[in-house]
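This report looks at how selected helices pack against one another and at the nonpolar core of the model shown below.

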Amino acid sequence: MAPARVLVVFLLMVAAGEGAASQSQQKVAVFLLAGQSNMGGRGGATSGTWDGVVPPECAPSPRILRLSPDLSWEEAREPLHAGIDNGNVVGVGPGMPFAHAVSSSRHAHAAAVGLVPCAQGGTPISAWSRGSPLYQRLLWRARAALAAHCPEAIPNCSLSLAALLWYQGEADTMARRDADLYTARMEAFVRDIRNDLNMPNLLVIQVGLATGQGPFIDLVRDAQKRVNLPNVKYVDAKGLPVATDYLHLTTPAQVTLGNMLANSYLATL
């Protein structure tokens with residue numbers, strides 16, 4: 001065989017080997033879940049205890065993972081923010097229905113979905129500013145998620161950060177100054193987290209408020225809509241069913257919101 005032909009055959013064999021190795025890896029799309037209580041999940045948990053009701057859209061699945069409080073991947077199950085949203089009774093949030101919708105979509109091209117719960121109830125956006133404990137925890141867990149060992153169910157995985165899902169702002173409706181500053185603070189938060197993760201185009205999907213803890217709900221909602229950064233999407237929760245505490249989404253509402261978030265993400269693919 002001529003030397004040139006030998007070289008061509010060798011290069012083709014190398015390319016085929018690299019392709020097989022690439023195909024053997026299973027993609028895990030990783031999503032950060034951050035904000036306050038409605039992201040942490042209060043579905044079925046507004047009476048002091050969680051009612052334990054898990055809709056089919058929130059059922060565990062081997063294809064849906066959670067980064068645990070000790071920074072290891074495990075099969076996700078409700079309540080997703082157990083051990084993360086500290087000091088609060090947690091229930092159903094939007095994360096699990098979101099993950100089910102994404103993992104079942106042929107457009108996602110992912111073997112599994114990895115969820116990184118980071119939300120903390122009752123927190124204004126100022127508590128998420130760069131260098132704050134919540135910001136540092138978000139950054140720490142995001143980096144740990146991408147560095148963690150693949151779970152046993154997906155032994156040869158490729159982890160990639162797909163988006164940040166953000167539902168927060170109820171606490172910023174209590175003071176006019178916080179409502180007025182919301183747009184600038186949100187834009188700074190997005191710029192900072194993108195910079196610190198070295199992902200300048202990280203997709204961020206923010207949820208428009210359905211409720212608030214104070215009288216300036218509409219001001220914060222308007223401030224959310226004014227966020228003017230590339231690759232920041234807006235999903236509106238207004239009108240979804242709210243529990244008897246007039247603040248937190250019901251379990252069915254969280255299922256709906258999870259699907260809305262999934263539709264917004266899938267539309268970017």
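In this predicted model, helices α3 and α7 are oblique to each other, because their angle of about 40° falls outside the ranges that count as roughly parallel, roughly antiparallel or roughly perpendicular. The crossing of α3 and α7 is right-handed, and in their contact P97, F98, A101 and V102 of α3 meet a set of α7 residues that includes Q254, V255, G258, L261 and Y265. By class, the residues of this contact divide into 9 nonpolar, 3 polar and no charged.

A second pair, α5 and α6, crosses at roughly 10°, and the two helices are therefore roughly parallel to each other, since angles under 35 degrees count as such. The crossing of α5 and α6 is left-handed, with R176, A179, D180, Y182 and T183 of α5 meeting L219, V220, A223 and Q224 of α6. The contact of α5 with α6 has 5 nonpolar, 2 polar and 2 charged residues.

| Helix pair | Residues | Axis separation | Angle |
|---|---|---|---|
| α3 and α7 | 95-103 and 251-266 | 7 Å | about 40° |
| α5 and α6 | 176-196 and 217-225 | within 7 Å | roughly 10° |

Turning to the core, the largest nonpolar core holds 78 residues, of which F31 and L115 touch the most other members. Strand β5, spanning residues 157-167, supplies the largest share of this core with 9 residues. Leaving aside neighbours within four places in sequence, L115 is in contact with F31 itself and with others, among them L33, I64, L67, W73, M96 and F98.

Key
Residues numbered from 1 in each chain as written. Predicted model: local features only at pLDDT ≥ 70, side-chain atom pairs only at ≥ 80, totals over all residues. Heavy atoms only, no water. Core = buried A, V, L, I, M, F, W, Y, C linked by side-chain atoms within 4.5 Å. Buried < 20%, exposed > 50% of the residue type's maximum accessible area, 1.4 Å probe, protein only. Helix = DSSP H or I, 4+ residues; strand = E, 2+ residues; numbered from the N terminus. Contact = heavy atoms within 4.5 Å. Axes fitted to C-alpha atoms, helices over the stretch in contact; angles between N-to-C directions. Parallel < 35°, antiparallel > 145°, perpendicular 65-115°, else oblique. Left-handed = near helix turned anticlockwise from the far one by under 90°. Nonpolar A, V, L, I, M, F, W, Y, C, P; charged D, E, K, R; others polar.
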